Amino acid sequence: GEVIRDAILAVSGRLTHRVGGPSVDVHLTSFMDGRGKPKVNGPLDGNGRRSLYIRTRRNFLTPMFLAFDVPTPFTTIGRRTVSNVPAQALTMMNSPFVIQQAERWAMTMLAEHDWTADRRVGELYLTAFARPPTAEETRDALDFLTEQRGRYHGDDRDVRAWADLCHVL
């Protein structure tokens with residue numbers, strides 16, 4: 001979970017490379033309640049800090065980390081469990097953090113005013129996969145953007161359509 005979160009921050013351009021410093025308070029969702037609830041609610045994106053810097057609270061663990069098998073901080077764990085469960089896919093689809101970072105990534109791409117849609121798709125693939133898209137992938141991405149713009153009644157620069165493509169990637 002930590003690696004996935006850090007990779008999402010990296011592609012969105014939000015990852016901070018600062019080393020050291022204090023921990024970042026965990027972001028508390030509306031479902032995180034109970035005795036010992038921290039008084040401070042951390043930012044959704046953890047101020048862009050690597051997952052290593054997210055404070056661990058035994059009863060208030062980051063939901064994304066829980067979905068991806070973070071060890072419980074009650075005992076020592078010699079090896080992490082590995083799973084592939086529906087909650088992981090659902091986390092990637094519905095997590096406010098993932099959605100926020102997809103929007104941020106889309107806005108970064110749209111800030112390049114002189115780029116064509118083909119160029120933006122190419123840059124997205126280079127950022128996410130370290131390779132250019134195939135002709136078929138470019139065509140599929142452009143078709144997806146056209147369909148999403150139709151749903152939103154937007155234009156070529158509709159950030160919602162681009163955020164949806166970033167979310168998919």
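Is Asp6 buried or exposed in this structure? With a relative accessibility of 15%, Asp6 counts as buried, where buried stands for under 20% relative accessible area, exposed for over 50%, and partly exposed for what falls in between, using a 1.4 Å probe and protein chains only. I will come back to this residue.

Before going on, I should say that this is a predicted model, in which local features need pLDDT of at least 70 and side-chain atom pairs count only at pLDDT 80 or more, while totals for chains, interfaces and linings use all residues. Residues are numbered from 1 along each chain as its sequence is written, and side-chain values use heavy atoms, with hydrogens and water left out.

Let me start with the overall picture. The chain has 7 helices and 0 strands, and its pattern along the sequence reads α-α-α-α-α-α-α; here helices (H or I, at least four residues) and strands (E, at least two) are DSSP runs, numbered from the N terminus. The C-alpha trace spans about 50 × 35 × 30 Å along its principal axes, and of the 169 residues 34% count as buried. The accessible surface comes to about 10,400 Å², with 55% of it belonging to carbon and sulfur atoms, as computed by the Shrake-Rupley method with a 1.4 Å probe, where for residues only the protein chains shown count as cover. If we take contacts, meaning heavy atoms within 4.5 Å, between residues at least 6 apart in sequence, then 59% of them join residues at least 24 apart.

Now to the interior. In soluble globular proteins, nonpolar side chains tend to be buried together. The largest nonpolar core in this model has 16 residues, of which Val121, Leu124, Leu145, Trp162, Leu165 and Cys166 touch the most other members; such a core is a set of buried Ala, Val, Leu, Ile, Met, Phe, Trp, Tyr and Cys residues joined through side-chain atoms within 4.5 Å. At least two residues of this core come from each of helix 4 (96-110), helix 5 (117-129), helix 6 (135-152) and helix 7 (159-168). Which residues does Val121 touch, not counting those up to four places away in sequence? They are Pro133, Thr138, Ala141, Leu142, Leu145, Trp162 and Leu165.

Next, the charged pairs. Side chains of opposite charge can pair when their charged atoms come close. A salt bridge here is a side-chain nitrogen of Lys or Arg within 4 Å of a carboxyl oxygen of Asp or Glu, and the count by this rule is 8 salt bridges. Asp6 takes part in one of them, with Arg50, at 3.7 Å from N to O. Since Asp6 belongs to helix 1 and Arg50 to the loop between helix 1 and helix 2, the pair ties together parts that are 44 residues apart in sequence. Unlike the buried Asp6, Arg50 is partly exposed, its relative accessible area being 39%. Arg5, Asp6 and Arg50 are joined into one network by salt bridges that share partners.

A second pair is Arg14 with Asp45, whose closest N and O atoms are 2.5 Å apart. Both lie in the loop between helix 1 and helix 2, 31 residues apart, and the pair links distant parts of the chain. Arg14 is partly exposed at 23% relative accessible area, whereas Asp45 is buried at 10%. Another salt bridge joins the side chains of Arg131 and Glu137 at 2.9 Å, N to O, and here Arg131 is partly exposed, with 33% relative accessible area.

The loop between helix 1 (2-12) and helix 2 (63-67) also holds Asn47, and Thr16 is placed in the loop between these helices as well. Their C-alpha atoms are 7.8 Å apart in space, with their positions 31 residues apart in sequence. Leaving aside neighbours within four places in sequence, Thr16 is in contact with Asn47, Gly48 and Arg49, and its side chain reaches the backbone oxygen of Asn47 at 3.4 Å. Thr16 counts as partly exposed, at 24% relative accessibility, and Asn47 is partly exposed too, at 42%.

Finally, two backbone details to look at on the model. Asn47 has a positive phi of about 55° although it is not a glycine. Asp69, also not a glycine, has a positive phi of about 65°; this residue lies in the loop between helix 2 and helix 3 (86-94), and Asp69 is buried, with a relative accessible area of 18%.

Terms used. A polar contact is a pair of N or O atoms within 3.5 Å; within protein, one must be able to donate a hydrogen and the other to accept it, and residues adjacent in sequence count only if both atoms are side-chain atoms.
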